[in-house]
Amino acid sequence: NIKKKINTIVLIVEGSKYEIDLFDQIFRKLLHYKLFTKSRNRSQFKEFNEYVMKDNINQRVIVINTKNSNIGSIGDDDEYRNELYKMLYEKYSLDIKNVPVYYIWDRDNKSNKAELVEKLIKKLNNAYGNDDFENGLLLLSYPCIEAYTISCFEKDKKFVDGNLKGYIQSKKYGIDQIDKPQIQRATLEMIKQLKSLGIDTFDIDEIKNINIDAFKKQEKYYKEYEKYVLLSFVSYILLDQGIITFR
């Protein structure tokens, strides 16, 4: 549904380049919403207006970096986040508490401890509001965000041995090649991969339980085989916003 009104959504991402380019392709170039980005390498937000539909001038997607790529920065660096939120309020009259927030992160086994990741999954379980923390939903990609790109182009791809970035380059899968059929395929692949892990029922209103269940099953799989099943929850954003729906 490329005419779906989303008002404003905020995506808080780990990477300063790949994720921003990916969401620029999906939300601005493909779905024609306004895009605002704030890389940790820039002092101000950058606004993109090209490709935006006339009817979407008030529909905004805001992509923000955390201060560093460690997952602990989600909850630890209050000063940095407060400064960003103050900037959003002063420049765009946006109160972060009143919009859905999605945290997009890699399940990087080498740099992010499982105990901390599980704690954050349980803490950040609703894009619109949480009991013990500000609004926000943590959506992981196993092992990393490139899993989403691969799922845009390949069916039933369960594993990639070695470096996913290198695999994408060898296959020449460009972010700029992602179009409507690709984001639909990625959504189906997400659901199929969940089923391969034993999660047979997908309900967008049960994302907290699905998130926790997927994490535990992936960690068990990693202990046995030293790799994750290729899975990205990025598609959940499109489902949660009604941009993609099931018939």
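S93 sits in the loop between helix 3 and strand 5 (101–106). In this predicted model, S93 has a positive phi of about 55 degrees, although S93 is not a glycine. The residue counts as exposed because its relative accessibility is 61%, and the cut-off for exposed is over 50%. D156 is another residue other than glycine with a positive phi, here near 55 degrees. D156 is placed in the loop between helix 5 and helix 6. Its relative accessibility is 55%, so D156 also counts as exposed.

A further backbone feature involves a proline. Y142 and P143 are joined by a cis peptide bond. Its omega is about -5 degrees. P143 belongs to the loop between strand 7 (136–142) and helix 5. P143 also takes part in a pocket, described below.

The overall fold was examined next. The protein is built from 9 helices and 8 strands. Its C-alpha atoms fill a box of roughly 50 × 35 × 35 Å along the principal axes. The radius of gyration is 17 Å. A compact globule of 247 residues would have a value near 18 Å, so the two agree. Of the 247 residues, 55% are buried. Contacts in the protein often span long stretches of sequence: among those between residues at least 6 apart, 72% join residues at least 24 apart.

The interior is organised around nonpolar residues. The largest nonpolar core holds 89 residues. L11, F27, Y102, L138 and F233 have the most contacts inside this core. Helix 8 (residues 207–225) gives the core its largest share, 7 residues. The surroundings of F27 illustrate the packing. Leaving aside residues up to four places away in sequence, F27 touches I9, L11, H32, Y33, V61, I237, L238 and I243. One of these partners, L11, is itself among the core residues with the most contacts.

Enclosed and open spaces were then compared with the elements around them. Rolling a probe the size of a water molecule over the atoms shows where empty space is left. The structure contains 2 cavities of 30 Å³ or more. The largest cavity has a volume of about 90 Å³. Its lining comprises 13 residues. Those nearest the centre are A147, S151, E189, Q193 and L230. Helix 5 (146–153), helix 7 (180–196) and strand 8 (231–232) each give two or more residues to this lining. By class, the lining of the largest cavity has 7 nonpolar, 3 polar and 3 charged residues.

The second largest cavity has a volume of about 40 Å³. It is lined by I12, I64, N65, T66, Y80, R81, L84 and Y85. Two elements, strand 4 (60–65) and helix 3 (78–92), give two or more residues to this lining. Helix 3 provides the largest share, 4 residues. The lining of the second largest cavity has 5 nonpolar, 2 polar and 1 charged residues.

Pockets complete the picture. The largest pocket holds about 580 Å³ of space. Its lining has 27 residues. D108, P143, C144, G162 and L164 lie nearest the centre of this pocket. P143 is thus found both at the cis peptide bond and among the residues nearest the centre of the largest pocket. Helix 1 (18–30) and helix 6 (164–171) each supply at least two lining residues. The lining of the largest pocket has 10 nonpolar, 6 polar and 11 charged residues.

The second largest pocket has a volume of about 280 Å³. It is lined by 13 residues. N1, Q184, I243, I244 and T245 are the closest to its centre. I243 is also one of the residues that F27 touches. The lining of the second largest pocket is made up of 7 nonpolar, 4 polar and 2 charged residues.

Technical notes
Residues numbered from 1 in each chain as written. Predicted model: local features only at pLDDT ≥ 70, side-chain atom pairs only at ≥ 80, totals over all residues. Heavy atoms only, no water. Core = buried A, V, L, I, M, F, W, Y, C linked by side-chain atoms within 4.5 Å. Buried < 20%, exposed > 50% of the residue type's maximum accessible area, 1.4 Å probe, protein only. Contact = heavy atoms within 4.5 Å. 1 Å grid on protein atoms, 1.4 Å probe; cavity = no way out; pocket = protein on both sides within 12 Å on 5 of 7 lines; lining within 4 Å. Points joined across faces, edges and corners; volume = space filled by probe spheres on them. Nonpolar A, V, L, I, M, F, W, Y, C, P; charged D, E, K, R; others polar. Rg over C-alpha atoms; globule rule 2.2 N^0.38 Å.
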